[in-house]
Amino acid sequence: MTIDWWTIGLQTVNAAILIWLLARFLFRPVTRMIADRQAATDAAFDQAEAARAEARAARDEAAAARESLAAERNSLMAQAREEAEREKKRLAEETRAELETLRQRQAAELDRERSRLERGLTDDAGVLATEIAARLLDRLLDRLPEAGRIAGFIDGLAQAVADLPEATRTGIGRDGPVTIRAARAVADDDRATIERRLGDVLGHSVSVRIETDATLIAGLELTTDHALARNTLRADLDRIKAELTTHD
């Protein structure tokens with residue numbers, strides 16, 4: 001067997017050239033393409049990972065925001081409940097105060113109305129009692145002589161005149177007859193007694209002019225422009241009525 005070294009050498013050179021050509025025009029572009037694809041893939045993975053991290057951060061931020069919002073809502077709800085409770089208590093206290101004021105006002109109004117009614121009843125009772133007494137006295141006196149309604153009251157009239165101030169007494173009867181109102185007609189002897197007794201207490205003589213007034217029931221009443229002296233049952237009844245209808 002003969003070895004052709006030239007052929008072997010040429011084949012070796014051809015193989016080397018082929019390998020160089022493949023490395024030059026095939027392996028390097030393919031390797032670069034694979035590297036580019038790998039870089040693109042890595043970049044896509046990096047972007048995806050960054051997006052996932054951003055999504056996780058956004059989710060965590062949203063969760064934190066929800067928790068913060070829930071906590072704020074709970075805090076606001078608690079404040080609202082406290083405020084509502086305070087407002088409820090305040091309104092309840094105001095309502096109680098208003099009701100108490102209204103109750104006191106109504107009680108005072110009832111007291112005033114009761115007092116007014118009591119005063120009215122007392123006044124009516126006093127007036128009625130004096131009117132009844134006046135009628136009873138009038139009936140009782142009808143059983144007595146007419147003079148009994150006059151003579152028994154002369155001294156009392158004289159004493160009433162004597163109790164007047166001196167300046168008042170001095171002017172009585174100076175300018176003419178003194179008016180004497182009587183419950184009944186006055187007999188001449190009673191008229192003389194009246195003038196005498198008045199003269200005693202006044203210190204000077206006087207004449208009287210008699211006027212009959214049945215409303216006096218019994219008794220005498222001296223009237224001038226500046227003096228009034230009464231000794232009548234009507235005057236006594238008027239004083240009793242005034243006492244009965246007087247309210248402290």
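At 21% relative accessibility, Arg-197 counts as partly exposed, a class that lies between buried (under 20% relative accessible area) and exposed (over 50%), as judged with a 1.4 Å probe and protein chains only. The side chain of Arg-197 meets that of Asp-200 in a salt bridge, with 3.6 Å from N to O; the term stands for a side-chain nitrogen of Lys or Arg within 4 Å of a carboxyl oxygen of Asp or Glu. Both residues belong to helix H4 (residues 188-202), where they are 3 residues apart, about one turn of the helix. Helices here are DSSP runs (H or I, at least four residues), strands are likewise runs (E, at least two), and both are numbered from the N terminus. Elsewhere, Arg-181, Asp-213, Glu-221, Arg-230 and Asp-238 are joined into one network by salt bridges that share partners.

The model is a predicted one, in which local features need pLDDT of at least 70 and side-chain atom pairs count only at pLDDT 80 or more, while totals for chains, interfaces and linings use all residues. Residues are numbered from 1 along each chain as its sequence is written, and side-chain values use heavy atoms, with hydrogens and water left out.

Over the whole structure, the search finds 17 salt bridges. Helix H1 (residues 5-142) offers further examples. In one of them, the side chains of Glu-100 and Arg-103 meet at 2.6 Å, N to O. These two residues are 3 apart in helix H1, so about one helical turn separates them. Glu-100 is partly exposed at 33% relative accessibility, and Arg-103 is partly exposed at 45%. Another salt bridge links Arg-112 with Glu-109, whose closest N and O atoms are 2.6 Å apart. This pair also lies in helix H1, again with a spacing of 3 residues, about one turn of the helix. Arg-112 has a relative accessible area of 48% and is partly exposed; Glu-109, with 41%, is partly exposed too.

Helix H1 also holds Leu-22, which is partly exposed with a relative accessible area of 30%. Leu-22 helps to make a nonpolar surface patch of about 520 Å², together with Leu-18, Leu-26, Phe-27, Val-30 and Ile-34. Patches of this kind are made of residues with over 30% relative accessible area and no salt bridge, with nonpolar side chains (Val, Leu, Ile, Met, Phe, Trp, Tyr) joined within 5 Å and like charges within 9 Å. The areas come from the Shrake-Rupley method with a 1.4 Å probe, and for residues only the protein chains shown count as cover.

Aromatic rings come next. The count comes to 1 aromatic pair, formed by Trp-20 and Phe-25 in an edge-to-face arrangement, 6.5 Å centre to centre with 90° between the planes. Rings of Phe, Tyr and Trp (its six-membered ring) pair if their centres lie within 6.5 Å, and planes under 30 degrees apart count as stacked, over 60 as edge-to-face and the rest as tilted. Both Trp-20 and Phe-25 are exposed.

Turning to the strands, E3 (residues 219-223) and E4 (residues 228-232) run antiparallel and are joined by 5 bridges; strands pair if DSSP finds at least two bridges between them. The two form a hairpin with 4 residues between them. Within this pairing, Leu-220 has Asn-231 of E4 as its bridge partner. Ile-217 sits in the loop between strand E2 (208-212) and E3. Ile-217 is buried, with a relative accessible area of 4%, and its phi is near 70°, a positive value in a residue other than glycine. Most residues other than glycine have a negative phi.
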